[in-house]
Amino acid sequence: MDEIRGKIYGVSGPVVMASSMKGAKMHTTCHVGYAGLLGEIIRIEGDMVTIQVYEDTTGLTLGEEVISFGRPLTAMLGPGLLSNVYDGIQRPLYIVSESGAYIGKGIRIEGLDLDRKWGFNPHKKAGDEVGPGDILGSFAETESITHKVMVPPGVKGVIKEISKGSVSGRSPVCVLTDGKTIRLFQEWPVRVPRPFKSKLPPTDPFVTGQRVFDTLLPIAEGGTAAVPGGFGTGKTVVEHTIAKYARTDIVIYIGCGERGNEMTEVLTEFPHLKDPMTGLPLNMRTVIIANTSNMPVAAREASIFTGITIAEYFRDMGYRVALMADSISRWAEALREISSRLEEMPSEEGFPPYLASRLGGFYERAGKVNCLGNDGRTGSVTVISAISPPGGDFSEPVTQASLRVAGALWALDTELAYARHFPAVNWKRSFSLYYKKLSSWFEREVAPDMVELRSRLAALLQKEEDLNEVVQVIGVEALQDSDRLTLEAATIAREGFLRQSAFSETDAFASFEKQYWMLKAIFSFLDSSMKALESGVYLERIIESPLRTSLLRMQNLSNEGFREWAEDMIGKIEKELLSVE
Amino acid sequence: MDLISREYRTITGITGPLVFVEGIKRGSFGEMCIVKMDTAETRTGQILKLEGDKAVVQVLEGASGIDRDKTSIIPTGEVAKVGVSMDMMGRIFNGSGFPIDALPEIIPEKNLDINGLPMNPVAREKPNYFIETGISVIDGLNTLVRGQKLPIFSSAGLPANELVLQILRQARGAEEEDFCVIFGAMGITSREAFFFREGIEETGAMSRTVSFINLASDPTVERFFTPRIALTTAEYFAFEKGFQVMVVLTDMTAYCEALRELGSAREEIPGRRSYPGYMYTDLATLYERAGCIKGSQGSITIMPILTMPEDDITHPIPDLTGYITEGQIVLSRDMHMKGIYPPINALPCLSRLMNIGIGKGRTREGHRELADQLYASYAKGIHIRRLVAIVGEEGLTELDRTYLAFADEFEKRFIGQGEERRTIDETLDLGLELLKMLPERELKRLK
Ligand SMILES: Nc1ncnc2c1ncn2[C@@H]1O[C@H](COP(=O)(O)OP(=O)(O)OP(=O)(O)O)[C@@H](O)[C@H]1O
Ligand SMILES: [Mg+2]
């Protein structure tokens with residue numbers, strides 16, 4: 001590789017200028033100073049380059065050496081990613097912690113353990129012709145996930161030799177007749193999307209087990225959801241809960257500029273939780289990128305690209321991958337800080353003018369695709385990203401840029417959070433662009449009337465809103481009985497159905513069956529009591545009925561047996577409310 | 001080491017606390033400098049930016065009185081450090097770490113970089129040790145645990161200092177040998193400084209308190225260093241000496257204003273309401289120093305106090321703080337006017353680490369459900385109170401009136417406990433008792 005050596009000419013926060021760097025290329029990595037801090041060239045002017053440095057620059061001295069290697073910032077992709085924890089530039093944090101509880105400077109450790117042995121099971125043999133994405137062989141990376149060794153993009157030929165049994169990252173697993181070698185791992189530039197054959201339209205929902213999302217605001221597998229909300233409204237809990245319970249094969253969790261203790265929570269909890277797909281420890285399907293708020297900002301900027309590159313790699317194997325990013329706003333702030341050090345012309349709120357296009361480029365890497373390779377497999381990356389708008393005001397640039405590209409918006413609301421109504425989703429401000437496309441799935445897989453029930457739910461919530469405006473003027477007592485009944489049903493829908501505690505043992509994940517039967521019970525109650533009202537039953541009797549209390553508490557019942565309970569309940573409702581003379 | 005001393009007499013300009021120097025041959029980012037004035041006075045400077053042979057140096061004591069032609073800058077080859085030792089206990093220092101209690105300088109056991117290093121997330125221990133503060137709204141509804149960062153959002157004229165002192169006085173465990181307090185004050189008045197000193201003396205913890213005090217009349221730039229020195233000292237006591245350290249930082253608003261002043265002197269592009277765009281990251285590098293470490297006895301709990309400008313919780317100072325800390329305790333002028341002490345506005349309060357600190361074996365089984373129920377019922381009471389303000393009491397149902405009465409009692413008795421110290425059992429029992437005002441079918445969240 002052509003190494004270029006220059007000298008430190010200037011330092012300003014995370015940005016370093018180096019002179020005598022003639023020939024250096026844009027977006028290639030450098031080692032900066034005696035400490036060898038990792039950086040990436042982000043501007044070239046004559047022989048002078050500007051470098052964003054992924055570590056704290058305090059102590060860098062004028063004249064210290066800068067070496068450019070002419071290589072882009074890459075992620076190392078291969079076995080050993082799962083259950084690992086990385087910083088934003090893929091340094092393995094468990095290994096880093098062997099030298100102390102604090103992260104020192106200039107630490108360089110490979111993202112994967114090249115010496116670790118894996119029992120390689122070849123799927124191809126000498127003489128086979130292979131192309132990009134073809135699966136050469138596989139082995140269990142963790143108990144729950146099979147790692148598929150793929151021919152890297154751009155490589156094809158005829159196999160001359162292929163290994164069997166114990167292999168490591170040190171030597172090739174496969175040699176082609178033209179002498180090209182294929183190793184257990186690939187290196188891929190994080191800022192370049194990995195290739196695929198074609199994108200597929202959304203057809204299936206990404207199942208979260210959270211009623212307000214699955215029923216009211218679903219996201220498709222391969223879709224994107226943005227979760228904006230002021231501080232303490234529950235963004236992180238949403239990300240954690242989905243990472244725990246979502247029906248997905250792999251989870252990439254990016255803690256981007258957020259709290260250290262939240263990462264610790266994930267790290268200590270996940271090994272003791274069960275993967276809902278396999279029943280095995282949850283960490284076996286998870287890769288964590290932890291670049292907390294006190295870690296260097298430039299590495300924070302890189303973290304989401306490192307994360308999505310790893311996500312694409314598992315997608316390419318044919319897995320359904322969920323990428324959780326908490327929070328995209330912190331990424332945008334990192335971008336802003338670097339941009340302002342470059343003295344670029346700022347746009348709205350000091351963000352650089354390219355904020356929206358960068359962000360768009362990131363969200364575009366989500367999707368369900370036909371993978372490279374000859375076996376016709378599909379894979380997907382679903383992105384759910386938290387947004388932290390200043391002052392909880394959604395009119396700011398990061399929220400707005402995300403809104404334009406996200407397929408679902410789950411807007412969290414401070415007032416609801418204050419009342420401890422969680423998930424604090426403001427259903428009115430939120431939307432899902434996937435709903436229509438997913439309707440046939442709901443009708444087929446859940447129940448023929450699921451879509452109708454969902455519409456009734458949305459209408460009920462809307463009606464409540466309208467009635468509340470009337471109440472503001474004339475008071476509840478002045479409403480008609482049927483309207484007061486509607487308000488009662490809406491309360492049950494909000495408190496009994498939409499509210500869902502992430503910390504409840506029985507209710508943290510609600511199956512579609514449970515969601516459906518909850519709705520059935522609620523509307524059976526509403527319909528029957530309307531009829532009862534018409535036939536002369538007093539409103540008070542309905543409101544004070546123990547049935548109402550049962551409905552408000554039904555969420556605490558577990559998924560198993562819920563349907564039986566609900567059918568029984570509906571029977572009771574009809575008996576009690578409709579059999580009155 | 002620098003064998004050749006570097007002394008630059010090439011100041012080209014001065015603005016605010018910043019000095020611009022040319023002809024620098026060697027210099028490091030963040031390096032400390034001696035600013036030698038013609039009056040034989042020396043000040044302390046720090047290199048903020050280097051470009052070619054030009055450097056921007058910020059002067060801790062401020063630049064007033066600096067003569068461009070007669071002042072020289074001497075880089076020391078060191079980044080900002082603080083000398084720490086066990087002898088700091090009971091001592092009072094200024095905002096840059098020099099003793100102001102008329103006692104001799106301490107002999108440092110070691111010198112530590114005040115910026116510290118980021119704690120590796122995998123080395124953190126999940127905080128889970130419940131601290132009983134004796135305050136119902138905190139213990140019952142927004143439980144504090146060791147290793148948490150929990151700020152108090154105050155407003156001008158509200159008794160935040162009193163509340164913090166009450167917590168220091170009452171907190172169970174505060175009398176233990178391994179408990180200590182680090183007090184970092186930025187831009188407080190001498191009256192406040194006196195009040196704190198007296199208050200801490202009353203708690204009997206003075207001999208286990210280290211104070212760093214930057215007064216309102218002290219240089220602004222120093223405020224940038226004070227919390228860092230305080231937290232570096234805290235790390236030394238917690239993770240090298242095994243103490244349970246409680247760090248009180250006040251007033252973070254003065255700290256943020258100092259950041260803004262520096263930013264504008266540097267002609268940076270300002271972010272929201274002219275505070276620097278990097279304020280989130282800057283505050284995070286302070287607050288994230290709270291925590292517990294695997295295999296270490298000690299812990300750092302941080303209680304920052306800030307004043308919300310114009311009582312506005314969406315102002316960047318409380319807003320960014322809330323985005324970093326693990327919850328917040330919010331004081332309100334309304335409650336204060338009603339004569340309720342502590343004047344806590346319970347609804348926007350939060351403790352994110354509560355769940356791991358409570359429950360069976362820690363506080364009591366059903367604590368979570370009880371807290372949720374109290375919150376939901378109080379929120380409903382407040383909602384009805386707002387409605388009444390618009391439509392009057394006529395349209396209210398019987399149930400609505402009960403909720404109104406509940407909200408009043410809750411504020412008067414549960415929140416407004418005065419100087420009393422309540423055990424967690426007393427707090428939870430009172431909560432249950434208050435809920436009895438409501439019909440049972442309304443208590444949806446209780447098991
Ligand atoms: N689904 C939920 N069930 C129960 N409690 C919840 C739920 N969501 C949020 N909470 C409560 O709200 C608190 C704050 O949530 P969270 O930390 O997720 O907020 P956030 O939006 O990520 O805030 P920040 O932007 O400051 O990081 C949690 O500690 C928890 O007590
Ligand atoms: Mg969060």
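Student: How many residue pairs are in polar contact between chain A and chain B?

Tutor: The count is 29 residue pairs, both partners at pLDDT 80 or more. A polar contact is a pair of N or O atoms within 3.5 Å; within protein, one must be able to donate a hydrogen and the other to accept it, and residues adjacent in sequence count only if both atoms are side-chain atoms. Helix 4 (residues 260-269) of chain A gives the most to the side of chain A that touches chain B, with 8 residues. Before we go on: this is a predicted model, where local features need pLDDT of at least 70, side-chain atom pairs count only at pLDDT 80 or more, and totals for chains, interfaces and linings use all residues. Residues are numbered from 1 along each chain as its sequence is written, chains are lettered from A and ligands numbered from 1 in the order in which they are written, and side-chain values use heavy atoms, with hydrogens and water left out.

Student: What makes Glu343(A) and Lys49(B) a salt bridge?

Tutor: The rule asks for a side-chain nitrogen of Lys or Arg within 4 Å of a carboxyl oxygen of Asp or Glu. Here the N to O distance is 3.3 Å, so the pair passes. Across the interface of chain A and chain B the rule finds 5 of these, and the whole structure has 73 over all chains.

Student: Which salt bridge links distant parts of a chain?

Tutor: Try Arg194(A) and Asp316(A), with the closest N and O atoms 2.8 Å apart. Arg194(A) sits in the loop between strand 17 (186-189) and strand 18 (198-200) of chain A, while Asp316(A) is in helix 5 (residues 297-316), 122 residues apart. Helices (H or I, at least four residues) and strands (E, at least two) are DSSP runs, numbered from the N terminus.

Student: How many residues of each chain are in contact, and how much area is buried?

Tutor: Contact means heavy atoms within 4.5 Å, and by that test 80 residues of chain A meet 76 residues of chain B. The two chains bury about 6600 Å², 56% of it on carbon and sulfur atoms. That's the accessible area (1.4 Å probe) that two parts lose on being put together, summed over both. Tyr102(A), Phe231(A) and Arg420(A) supply 13% of the area that chain A buries against chain B, more than any other three residues.

Student: Why does the span of helix 10 of chain B agree with what's expected?

Tutor: Expected span is 1.5 Å times one less than the number of residues. With 25 residues (367-391), helix 10 of chain B should span 36 Å, and its end C-alpha atoms are 36 Å apart, which agrees. Just after this helix, Gly392(B) takes a positive phi of about 80°.

Student: What makes Ala40(B) worth pointing out?

Tutor: Most residues other than glycine have a negative phi, and most peptide bonds are trans. Ala40(B) isn't a glycine, yet its phi is positive, about 75°. You'll find Ala40(B) in the loop between strand 3 (31-36) and strand 4 (42-51) of chain B.

Student: Where are cis peptide bonds found?

Tutor: One runs from Thr250(B) to Asp251(B), with omega near 0°. Another joins Tyr341(B) and Pro342(B), with omega about -10°. Pro342(B) lies in the loop between helix 8 (333-337) and strand 20 (350-351) of chain B.
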